[in-house]
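Please open the model in a viewer and keep the selection panel at hand. The tour below proceeds by selection, each stop stating what is to be found there.

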Amino acid sequence: MEQNILDCVIVGSGPSGFTAAIYAARADLKPQLYTGLEPGGQLTTTTEVDNFPGYPDGVTGPQMMMDLQKQAERFDTKVHYELITKAEFSNEEGGIHKLWAGNKEILAKSVIISTGATAKYLGLDDEKKYSGGGVSACATCDGFFYKGKNVVVVGAGDTAAEEATYLAKLTNKVTMLVRKDMFRASKAMIHRVENTPNIEVKFNHELIGIEGENALVERAVVINNQTQETSKIDVHGIFIAIGHKPNTDVFAGQIDLDENGYIKTVPGSTRTNLPGVFAAGDVQDHIYRQAITAAGSGCMAAMDAEKYLAELA
């Protein structure tokens with residue numbers, strides 16, 4: 001029996017994956033989308049989304065993803081609740097790419113990778129317990145909810161410094177917990193932190209626990225790793241800013257990645273180093289990491305795939 005060769009397979013189901021599916025389906029590419037283990041991606045861990053255009057009253061992350069999925073399915077996108085576990089990409093123009101979901105082999109003329117990135121956490125049980133109740137990995141997503149309140153930022157790099165200075169504009173006070181006796185951030189970012197009066201930096205301090213009633217953050221439990229002295233800070237929000245890990249392990253060795261594991265795309269496009277393989281969303285964007293920019297690049301990827309397939313015909 002001859003195996004069906006699909007025009008377009010989309011790997012991942014966040015804003016970029018579903019937007020790519022909407023555009024690819026409307027272009028009659030009959031896309032099939034594989035959700036991965038976290039259907040809806042990072043946004044499903046966000047409670048309120050207030051900065052996505054078109055939702056004047058805000059929307060929950062899970063609801064927004066359901067809306068995007070319904071829209072993709074309306075144009076006949078086939079959604080599979082499965083994880084792509086292996087990939088063998090062709091190097092040739094017009095070559096057939098092979099993907100596997102478990103033992104199932106999938107053949108495709110074009111592939112859009114939109115597997116996103118996963119925020120790194122410290123690994124404390126309390127982080128899970130208070131997720132959505134004051135623990136966040138995205139200041140631009142959730143900072144608004146802490147207007148006039150006190151927050152903690154954990155981290156020592158540019159991401160942490162950026163999150164802290166952003167939050168300082170909204171909140172009463174930001175306490176930065178830096179594990180070592182110095183920042184890892186760039187000089188420019190360190191100066192910004194030092195010149196922001198309502199940021200207090202605690203060097204040699206680590207977050208070891210979180211306390212609060214009804215799964216809402218009320219206190220950060222910290223330890224001075226030099227003296228082993230523990231203390232508590234009254235806060236409403238705790239922002240973990242120790243970086244993200246792009247979900248690219250399954251494609252490593254075939255697709256060009258940067259030093260942090262993000263997929264490299266040709267500037268001004270979503271093309272990768274392989275013909276017919278495109279990347280959209282946070283898996284190729286470590287700068288903006290927003291739902292709206294991910295959706296925009298999903299649109300670009302579908303249009304790039306459509307053009308690629310048209311040129312093969």
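Two strands are said to pair if DSSP finds at least two bridges between them. The model under inspection is a predicted one.

**First stop: a sheet of three strands**

Select residues 219-224, which form strand β15. Strand β15 pairs with β16 in the antiparallel sense, over five bridges. To follow one of the links, pick Ile-223, whose bridge partner in β16 is Thr-230.

Next, extend the selection to the whole sheet. In what order do the strands of this open sheet run? The order is β14-β15-β16, and the pairing is antiparallel. Select 205-211 for β14 and 230-234 for β16; these are the edge strands, and each of them pairs on one side only. With direction ignored, neighbouring strands of the sheet are turned against each other by 30 degrees on average.

**Second stop: the second largest pocket**

Keep β14 selected and add β12, residues 173-178. Each of these two strands supplies at least two residues to the lining of the second largest pocket. Which element gives the largest share of that lining? Strand β14 does, with three residues.

The volume of this pocket is about 310 Å³. Its lining comprises 14 residues; to centre the view, select Gly-155, Ala-156, Arg-179, Arg-184 and Ile-242, which lie nearest the centre of the pocket. Colouring the lining by class gives eight nonpolar, two polar and four charged residues.

**Third stop: the cavity**

Keep Ile-242 selected, as this residue also lines the largest cavity. How many cavities of 30 Å³ or more does the structure hold? There is one. The largest cavity has a volume of about 40 Å³.

To display the complete lining, select Ala-119, Lys-120, Ala-137, Thr-159 and Glu-163, together with Ile-240, Ala-241, Ile-242, Gly-243 and His-244. By class, this lining consists of five nonpolar, three polar and two charged residues.

**Last stop: Ser-16**

Select residues 15-26, helix α1, and within this helix pick Ser-16. Is Ser-16 buried or exposed? Its relative accessible area is 4%, and Ser-16 therefore counts as buried, the limit for that class being under 20%.

To show the surroundings, add the residues that Ser-16 touches, leaving aside those up to four places away in sequence. They are Ser-114, Ala-280, Gly-281, Ala-294, Ala-295, Ser-297 and Gly-298.

Notes: Residues are numbered from 1 along each chain as its sequence is written. This is a predicted model: local features need pLDDT of at least 70, side-chain atom pairs count only at pLDDT 80 or more; totals for chains, interfaces and linings use all residues. Side-chain values use heavy atoms; hydrogens and water are left out. Helices (H or I, at least four residues) and strands (E, at least two) are DSSP runs, numbered from the N terminus. Axes are lines fitted to C-alpha atoms, for helices over the stretch in contact, and angles run from 0 to 180 degrees between N-to-C directions. On a 1 Å grid over the protein atoms alone, a cavity is a set of points where a 1.4 Å probe fits but cannot get out, and a pocket is an open set with protein on both sides within 12 Å along at least five of seven lines; lining residues have an atom within 4 Å of a point. Grid points are joined across faces, edges and corners, and a volume is the space filled by probe spheres set on the points. Ala, Val, Leu, Ile, Met, Phe, Trp, Tyr, Cys and Pro count as nonpolar, Asp, Glu, Lys and Arg as charged, and the others, Gly among them, as polar. Buried means under 20% relative accessible area, exposed over 50%, partly exposed in between (1.4 Å probe, protein chains only). Contact means heavy atoms within 4.5 Å.
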